[in-house]
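Student: I am new to this structure. Please take one part of the chain and walk me through it closely.

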Amino acid sequence: MGTINHPDLQLALKDFLIEEEKLTQVVYRMTKEMKMGLSKETHARAAVKCFVTYVQDLPTGKERGKFLALDLGGSNFRVLLVIIRGDSDLQTESRTYVFPETLMTGTAKELFDFITECLVQFCRQFGLENEGLPLGFTFSFPCHQQGLSKGTLVAWTKGFRVEGVVGRNVVELLQEAITRRGEISVTVVALINDTVGTLLSTAYFNNNCRIGLIVGTGTNACYVEKTVNAECFEGYQTSPKPYMVINTEWGAFGDNGVLEFVRTPYDKVIDKETVNPGRQTFEKCISGMYMGEMVRLILIDMMAKGVMFRNESSEKLLQRGSFSTSYISDIESDAPGEYRMCNKVLHNLGLRGNQESDRLNLRYICEAVSSRSAKLCACGLVTLINKMNINEVAIAVDGSVYRYHPTYPSMLEHHMKKLLKPGVKFELVCSEDGSGRGAALAAATTVKNK
Ligand SMILES: Nc1ncnc2c1ncn2[C@@H]1O[C@H](COP(=O)(O)OP(=O)(O)OP(=O)(O)O)[C@@H](O)[C@H]1O
């Protein structure tokens, strides 16, 4: 980042430039929180839950068959058909359905009937109605699993607040909706979240893969833990399988106040605006749902103080959510000194930005928000790598922030290298079509184990 000339802007962005000592402290605190989540004794009051996923096998490449998968987790809803014919021969057909926003705050019946409707349409299209196919369900919200095909929703996140799902087994709700509809023969055999899906689908091709990371609407990660450390799993001392995938639900890190030392006044405003105030603290500092809004809040603050876009106003910018997170990627993708994408964004917002300093300062704001996100995310990954105590690991990553922000992958790598012990090697692997295909692989493993 270049030099910020205005003292008010400098002051506003200072808190976003978290120095290395504080990042080390974040790793330290997260390690502690994760241990609390894993331990049977402290799990109930832990902020980072570290849920047992019941996924104990990573794909071997020997899976075979035809599987359906559903992927619900944020802005899109997808149905997939995965056909595995031979080693690394994985064919995927998928359809994305527009997810009506009204469903996000509707009832459980409306939600699961909609999902079933899409599934029925998909099965009809591919002639699968009566094949009795097994289905893997990627449901990317915090669930307390009691088995691979049983999990109750703990709380909604990412702007969802559907009535009648918290505390219920989502597999049962889906299976009931399929039965109620009565048009297709499909059995839901596995429930996973998108981090696990991303891990499984990358592990299928890369046998060093031990972590699944999402930086999209929300953020979360899973990793491979020793079964003996997964105390909330009833068979943790007796299981013949040495490993258990743990869904950290790290988005909730800081919900007990341990992250206050890195939060800014803007984070507090964001939190108040959300449907889940006081929750998902770490996520709100990192993920796509909040990054654009953070830039907007800083920008209107600077405009109110007469620091930027003096004598200009924008009705649009005053509306919540009007600064899309994709604008950050646009602005930062301009070469230094060029403002082609930035001008487009300003045009969309109804701002002229006659002064070059306005456009430069806007870029500084974007960089402050995205680099803090990458720093905190790096802390999370370093925590997981240290916890596993391994020297080489591949990390499967998905989510639009990671995928489309021009420097996010390199920032993440840079900060991880700074925080990791010397000699630890890692590779960030962008997962293609990960979460849905992973659900199909989870279904394949379940069927094989049966
Ligand atoms: N070009 C972009 N650059 C950065 N972020 C973007 C871009 N486009 C979209 N986003 C952000 O990514 C989010 C969408 O994430 P994604 O496409 O990974 O899907 P998702 O399934 O909704 O997310 P999640 O996996 O967290 O549930 C949007 O909320 C938006 O904030």
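Tutor: Over residues 210–444 the chain is 48% helix and 14% strand. The C-alpha atoms at the two ends of this stretch are 19 Å apart. The model is a predicted one. UniProt, in an unreviewed entry, lists residues 210–444 as "domain: Hexokinase C-terminal". Another stretch, residues 12–204, carries the UniProt annotation "domain: Hexokinase N-terminal", also from an unreviewed entry. That stretch is 33% helix and 28% strand. Its end C-alpha atoms are 45 Å apart.

Now the helix packing. Two packed helices are described by the angle between their axes and the distance between the axes. Start with α6, residues 265–273. Its partner is α8, residues 288–304. The axes of α6 and α8 come within 10 Å and cross at roughly 120 degrees. That angle makes α6 oblique to α8. The crossing is right-handed. From α6, the contact uses Tyr-266, Val-269 and Ile-270. From α8 come Tyr-290, Glu-293, Met-294, Leu-297 and Ile-298. By class, this contact of α6 with α8 has seven nonpolar residues, no polar ones and one charged.

Next, α9 and α11. Helix α9 spans residues 325–333, and helix α11 spans residues 356–388. They pack at about 120 degrees, with axes 9 Å apart. So α9 is oblique to α11. Here the crossing is left-handed. On the α9 side, Ile-328, Ile-331 and Glu-332 take part. They meet Leu-362, Arg-363, Cys-366, Glu-367, Val-369 and Ser-370 of α11. The contact of α9 with α11 divides into five nonpolar, one polar and three charged residues.

Helix α11 has another partner to look at: α2, residues 20–38. The angle between α2 and α11 is about 50 degrees, and their axes are 9 Å apart. The two helices are therefore oblique to each other. α2 passes α11 in a right-handed crossing. From α2, the residues are Leu-23, Val-26, Val-27, Met-30, Thr-31 and Met-34. In α11 they meet Lys-375, Leu-376, Cys-379, Gly-380, Val-382, Thr-383, Asn-386 and Lys-387. This contact of α2 with α11 holds eight nonpolar, four polar and two charged residues.

Last, the ligand. 20 residues surround the ligand. The closest are Gly-74, Gly-216, Gly-288, Ser-400 and Tyr-404. Which helices each supply at least two residues of this shell? They are α8, α9 and α12, the last of these covering residues 400–404. Two of those names are familiar: α8 packs against α6, and α9 packs against α11. How does the shell split by class? It has 15 polar residues, four nonpolar and one charged.

Definitions and conventions. Residues numbered from 1 in each chain as written. Predicted model: local features only at pLDDT ≥ 70, side-chain atom pairs only at ≥ 80, totals over all residues. UniProt positions renumbered as here; feature names shortened; annotations may be inferred. Helix = DSSP H or I, 4+ residues; strand = E, 2+ residues; numbered from the N terminus. Near = placed C-beta within 6 Å. Nonpolar A, V, L, I, M, F, W, Y, C, P; charged D, E, K, R; others polar. Axes fitted to C-alpha atoms, helices over the stretch in contact; angles between N-to-C directions. Parallel < 35°, antiparallel > 145°, perpendicular 65-115°, else oblique. Left-handed = near helix turned anticlockwise from the far one by under 90°. Contact = placed C-beta atoms within 7 Å.
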